[in-house]
Amino acid sequence: MIKINYYVRPVSNEEKIPIYVRVSNGRAFDLKVRTKETCYLSLWDIENGMMKEKLYSEEKGRLVEKRDADTRASLLQNKLINSRLRDLESKIESSFKENVGIIFNTNWLKSIIEPPIIEGNKIPDDFIKYCDLFIEQKGNNISKRYVEKIEAI
C-alpha cells in the first residue's frame with residue numbers, strides 16, 4: 001500500500017514556499033514532486049503535514065485561540081488548501097489502484113498533479129464557420145426555421 005505525505009522545505013525568509021508531496025511504496029518507489037499549493041512556513045503544521053487550522057497566541061501565560069478577522073480569513077484559506085491536498089491524495093490512491101502494469105515514476109505523479117490539457121474542437125474564428133459548428137452541435141435541439149435563418153446569413 002502506498003504512503004502519501006506532504007512537506008515543505010523551510011527557507012530563511014518568510015516568503016510563500018511550495019508544498020511537496022512524497023509518495024512511497026515500501027522499497028518499490030519513493031517519489032517526491034512539488035504540488036501547485038504554496039504556504040507561509042508559520043502556517044504549516046509539521047506534525048500533521050497539513051496547514052494549521054487553528055492559531056494560538058499567548059496571553060497572560062496561557063494559550064488563547066486567535067479569532068480576529070485576519071486570522072479567520074487565513075484559516076479559511078488553510079482549510080481550502082487542506083481540502084485540495086486531501087483531494088490530491090485520493091486521486092493518487094485511486095490512480096495507483098487502477099493502474100496495473102504501469103511504471104510508477106515522477107512523470108506519473110506529475111500527470112496526476114497537473115493533468116495534460118486535452119484540446120477538443122476549437123471554435124472557429126470565422127463567423128460563418130462558427131454558425132455551421134453551432135448547427136452541428138445543437139442537432140435536433142433547434143427548429144428548422146432557426147437553422148434556415150442561420151444559413152441565410
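**View 1. Eleven-residue names, one pocket: Thr35, Lys36, Glu37, Arg84, Leu85, Asp87, Leu88, Lys91, Ile112, Ile113 and Pro115 line the largest pocket.** Three elements each give two or more residues to this lining: β3 (29-39), α1 (69-98) and α2 (106-113). The model shown here, and in every view below, is predicted. The pocket has a volume of about 200 Å³. Which element gives the most to the lining? Helix α1 does, with 5 residues. By character, the lining residues divide into 5 nonpolar, 1 polar and 5 charged.

**View 2. Helix α1 along its length.** The helix has 30 residues. From its first C-alpha to its last, α1 reaches 44 Å. That is close to the 44 Å expected at 1.5 Å a residue.

**View 3. The buried residues of α1 and what covers them.** Which residues of α1 are buried? They are Thr71, Leu75, Asn78, Ile81, Asn82, Leu85, Leu88, Ile92, Ser95 and Phe96. An α-helix has 3.6 residues a turn, so residues three or four places apart point the same way. The cover over the buried residues of α1 includes the strands β1 (3-8), β2 (17-25), β3 and β5 (50-51). Helix α2 is also part of that cover. Leu85 and Leu88 appear among the buried residues of α1, and both also line the largest pocket.

**View 4. Aspartate 68, just outside the elements.** Aspartate 68 lies in the loop between β7 (62-65) and α1. Is this residue buried or partly exposed? Aspartate 68 counts as partly exposed because its relative accessibility is 36%. Glutamate 151 sits 83 residues from aspartate 68 along the chain. The C-alpha atoms of the two are separated by 61 Å.

**View 5. Serine 24 and its contacts.** Serine 24 lies in strand β2. Its relative accessibility is 16%, so serine 24 counts as buried. What does serine 24 touch, leaving aside residues up to four places away in sequence? Its contacts are Met1, Ile2, Lys3, Phe29 and Asp30. Strand β2, where serine 24 lies, is one of the elements that cover the buried residues of α1.

**View 6. Cysteines 39 and 131.** Cysteine 39 has a relative accessibility of 2%, so it counts as buried. Cysteine 131 is buried too, with a relative accessible area of 9%. Both values fall under the 20% cut-off for buried residues. How many disulfides does the model hold? The count comes to 0.

Conventions
Residues numbered from 1 in each chain as written. Predicted model: local features only at pLDDT ≥ 70, side-chain atom pairs only at ≥ 80, totals over all residues. Heavy atoms only, no water. 1 Å grid on protein atoms, 1.4 Å probe; cavity = no way out; pocket = protein on both sides within 12 Å on 5 of 7 lines; lining within 4 Å. Points joined across faces, edges and corners; volume = space filled by probe spheres on them. Helix = DSSP H or I, 4+ residues; strand = E, 2+ residues; numbered from the N terminus. Nonpolar A, V, L, I, M, F, W, Y, C, P; charged D, E, K, R; others polar. Expected span 1.5 Å × (residues − 1). Buried < 20%, exposed > 50% of the residue type's maximum accessible area, 1.4 Å probe, protein only. Contact = heavy atoms within 4.5 Å. Disulfide = S-S within 2.5 Å.
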